[in-house]
Amino acid sequence: MKLTRNLAVAVIGAASFAVAGSAAAETELVVVSWGGAYSASQQNAYHAPYMKANPGIKIINDDSAPEAVAKLRAMNEVGKVTWDLVDAVASDAMRLCDEGLALPIDADKDLAPAPDGTPASKDFGDLLVSECFIPQIVYSTTFGYRTDKVKSKPTSVCDVFDLKKIPGKRSLEKKPINNFEWALLCDGVAPDKIYDVMGSDGGVDRALKKLGTIKDQVIWWTKGAQTPQLLADGEVVMGSTYNGRLFSLIEEEKQPVAMLWDWQVFDLDGWIIPKGTKNLEAVKKFVRYATDTQRLADQAKFISYGPARKSSAPMVSKHAKLGIDMKPHMPTDPNNAKNTLLFNYEFWADNQDDFTERFEAWLAKK
Amino acid sequence: MLVGPLFLFILFTFFIPIGDMLFRSVENSIVTDILPRSTKLLADWDSTTNELPSEAVFAAMVADIKEGRKARTITRVGQRLNYEAPGMSSLFRSSARKTKRMKEGPYKPALIKAHKRWGKVETWKVIKQFIPKYTAGYFLAAVDAKQELNGDIVRLGDEKRIYIDLFWRTLRLSLIITALTLILGFPIAYLMAILPTKSSNLLLIFVLLPFWTSLLVRTTAWIALLQQQGVINELLVFVGLVGTDNRPQMIHNEFGAIVAMTHILLPFMVLPLFSVMKTIPKSYVRAAVSLGAHPWAAFWKVYFPGTIPGIGAGAILVFILAIGYYITPELVGGTTGTFISNRIAHHISSSLNWGLAAALGVILLGIVVALYLLYDKIVGIDNMKLG
Amino acid sequence: MGKLPPYLSLPERLWHYGFRLLCGLIFFFLIFPLVVVIPLSFNAVPFFTFTKEMLALDPAGYSLKWYEDFFTNLNWQGAVQNSVIIAFFATLLSTTLGTLAALGLSRPTMPAKTLVMSILISPMIVPLIISAAGMFFFYSRVGLQGTHIGVILAHAALGTPFVVITVTATLVGFDNSLIRAAASLGASPTTTFFKVIVPLILPGVISGALFAFITSFDEVVVVLFVGSFKQRTIPWQMFSGIREQISPTILAVATILVIVSIALLVTVELLRRRGERLRGIQET
């Protein structure tokens, strides 16, 4: 069969061409992030200037961060890691580090010192919560609400559980994290006892029971951009999301939405370098650049998150396009941080698998 | 043999991967791989006495955990056992951090001090239960059951039962969708069959166009139609049927999934029905009527029986496709309109309980294969036609 | 259509028109969702709804910016490129293998025909999530996960049943004496293949290839698992877009895809007619 042979040759030739075509001469770095306004702020502050300065590097954004832990475990299990840098919250970074899926870094060797020469380990300070974690921002998870659709203005986070005061759908993250804290807080647990109660027998049941009171009014989100979209479309009257997303929605897109600063959960977000990356040298170079004092301060021009370096804080100035002062929009601003929950990374690193299992089972029930 | 190349191709790209995945539903070597020393000793431990294992077992466990921590594999055994007994993941995680400091025995009090669960016989029983290389645990979990530590197989408590309900829901929604496609598909197939070829070919385009259009386009269209600020809700508000503040929820629930999937699967019902109806001579009904039968009776007694092979083919095809659907329920089903496939995907990419995903997959595949054989009996695979 | 026999009674007339109205509504249900995305894709605001300006046909309510976004956004352009590359090679592979297999299956001497046929067709029947999961694990282990070749192989496997079915259908009623006749007239097997068999099965091959193409082009579950970001296709991009942030760019893409499917549909229809003419089958 001459035809078959010719076809086979054509197929193999063409297929290898297709593959060669996709792996061009330049180095491609796949950077995993959270999508929407957050990816855009990184693109503006880090990726675009870096690519301009280094023509041989192409940075590709993959918005898979919400599934990053699961996907990294899967990649590791099957032995093929296709990512070079992964955005992760602190507790996930700790888990990935424990599991050997993230590479440890040496802050003083791998990260740039502050302009005044302070070594990176001092400049980041306590925020280096794990030996694999490269902190970028301080953010908080809080609630936004439609000013034109709520029956009365929410004043406390517990209004989320009050269907009489605020009827209508609300969106919550499809994770036990944060929701359990709020549920227990609003069930009468003292703020400093929340993790004790959650870790005790019956603690999870108590949190789930409280969440159960609003279960049929909740739309569960998995990606940070969903709540802003749901609020803009009027699908929900209020919803939890990261404060920077709400900032974009309110200040940039001018939607009739306001922010509730009450018992928001403080957390850290940063990068980890996945074990098995093919471009370790290139990615380390990029990380060194992207986490220097200027770059971290630059990101705050595009989204209202606090930079993780002490030396970046004084450089936070005005929004790049709107020209408004960013400081009052930072989660760290004293006016916004009257009562905040201090997130217990270690507790969640230890318990996340257990609690997620129970949360998912609860969710799947009617 | 001209069939050979394709046969081998399908074997390697399709059958072996699926078989390989399904094998995960019983495979269970992780516990002995990561805890080799302690599981060896535990095998001889008599769990019926309700006494904790000996110091030697504790010492072996500490050694296993230390090594697992160094190799960074210890959390995996915790994850595995956590599927069976919640709490095992945090037990291994937090113990791993603390065993670092355990330099010498006695290890029993040290380990119990590190985490109180080590002092409970149940913890050790769970580990012992999962020493064998093969397990029925995933299949039991897939039907909402578990094996008690004493070996009895029991149903889970009511609040933990998920999968049986989900299988029923999948079957129920698939049946509803099949019925709806039949109710909607039968009249138009009949109309196309009785019209002259020219007009019926024109109408056929209306069926084929959605058939050829991307599944995601059609799902997107339904989102645009059904959402709160969507076309249908706006229309309802505009004509004053509902107030703007109490728009009905038509998407992210069962209703949305049923409507969108009925639309998407309707061509799969119409096409086989039409191809069967085309072959039934119109003259039969006319003859019956001219012999004095009421037109309805003529239709029921003469025409309808001829369409049954088409109904059977269409119904089974739609049902098979519906039961395995993933994309549309994922996008428009919310929490009440999800199918078993969504749960399988969840266990593959989020919870990483691959054994359970495989077990659920085996059951789903079993149902589909049974229906496939039925289809073969009714229609014959050779007679499958497209478009 | 409008002419009714004069002897029909009133109920019969009512039934006649009522039935056509019902069918009209069902056809409307089939087509309306596809039609509705087209005007919405020209929306000036980022929502999925008709604005007042649009209903008043005010040009300010319309905009081409979502099309502009589609044609300038690198994510979408990469997706288009990947979709075309993957669908093209998957089609080539499944058409070649599927056609050969169909020729083999149609030989009268073929043993266990039904069994082989049902095995070859199974990729069409097995729920996609199961195929996708299996391929994900296995392809990862052999290094094909996250490569173009992996996705191409997976899509080719999914596309072959369509080729087998359509080509087999054109071979129904194929007169094997034609081959003997060609041979007895001195034609070599190669000549016979190209001069006798190919022209006869060509319509089936092409429409099978179109099915295989659309299978790959439209497929999302397998590519989500077997592919990675570098293999993102149009459906991949649409799926993650819908899950995350619905912008009318998705509707613009949908409109373009509807137009593509109309073009494909016309092609298939023309081929079918040609095929029937060639085989001398009369329309009944």
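User: How many helices and strands are there in chain B?

Analyst: Chain B has 19 helices and 2 strands. Helices (H or I, at least four residues) and strands (E, at least two) are DSSP runs, numbered from the N terminus. The model is predicted, with local features needing pLDDT of at least 70 and side-chain atom pairs counting only at pLDDT 80 or more, while totals for chains, interfaces and linings use all residues. Residues are numbered from 1 along each chain as its sequence is written, and chains are lettered from A and ligands numbered from 1 in the order in which they are written.

User: What makes up the secondary structure of chain C?

Analyst: Chain C comes to 12 helices and 0 strands. Read from the N terminus, its elements run α-α-α-α-α-α-α-α-α-α-α-α.

User: How do you know what radius of gyration a compact globule of 387 residues would have, and what does chain B have?

Analyst: The globule rule is 2.2 Å times the number of residues to the power 0.38, and the radius is taken over C-alpha atoms. For 387 residues that gives a value near 21 Å, but chain B has 29 Å. The C-alpha trace of chain B spans about 100 × 65 × 40 Å along its principal axes. For chain C, a compact globule of 284 residues would be near 19 Å, but the chain has 24 Å. The trace of chain C spans about 75 × 75 × 30 Å.

User: Which domains does the assignment give for chain B, and what separates their centres?

Analyst: Domain 1 covers 30-132 and domain 2 covers 163-383; such bounds come from an automatic or database domain assignment. The centres of these two domains, taken over C-alpha atoms, are 52 Å apart.

User: Why is H7(A) called roughly perpendicular to H9(A)?

Analyst: The axes of helix H7 (residues 179-186) and helix H9 (residues 203-212) of chain A cross at roughly 85° and come within 8 Å. Angles of 65 to 115 degrees count as roughly perpendicular, under 35 as roughly parallel, over 145 as roughly antiparallel, and the rest as oblique. The crossing angle therefore makes H7(A) roughly perpendicular to H9(A). Axes here are lines fitted to C-alpha atoms, for helices over the stretch in contact, with angles from 0 to 180 degrees between N-to-C directions.

User: Which residues make that contact?

Analyst: From H7(A) they are A:Asn179, A:Phe180, A:Ala183, A:Leu184 and A:Cys186, and from H9(A) they are A:Arg206, A:Ala207, A:Lys210 and A:Leu211. Two residues are in contact if their C-beta atoms, placed from the backbone, lie within 7 Å. By class, this contact has 6 nonpolar, 1 polar and 2 charged residues. Ala, Val, Leu, Ile, Met, Phe, Trp, Tyr, Cys and Pro count as nonpolar, Asp, Glu, Lys and Arg as charged, and the others, Gly among them, as polar.

User: What makes H7(A) mostly covered?

Analyst: A residue is buried if 20 or more other C-beta atoms lie within 10 Å of its own, exposed if 12 or fewer, and partly exposed in between, with C-beta atoms placed from the backbone. In H7(A), 8 of its 8 residues are buried, including A:Glu181 and A:Trp182. Among the elements covering them are strand E5 (170-173), helix H8 (194-199) and helix H14 (345-364) of chain A. Just after H7(A), A:Gly188 takes a positive phi of about 100°.

User: How many residues do chain B and chain C bring to their contact?

Analyst: Chain B brings 69 residues and chain C brings 75. Helix H1 (residues 4-23) gives the most on the chain B side, with 11 residues. That side has 49 nonpolar, 14 polar and 6 charged residues.
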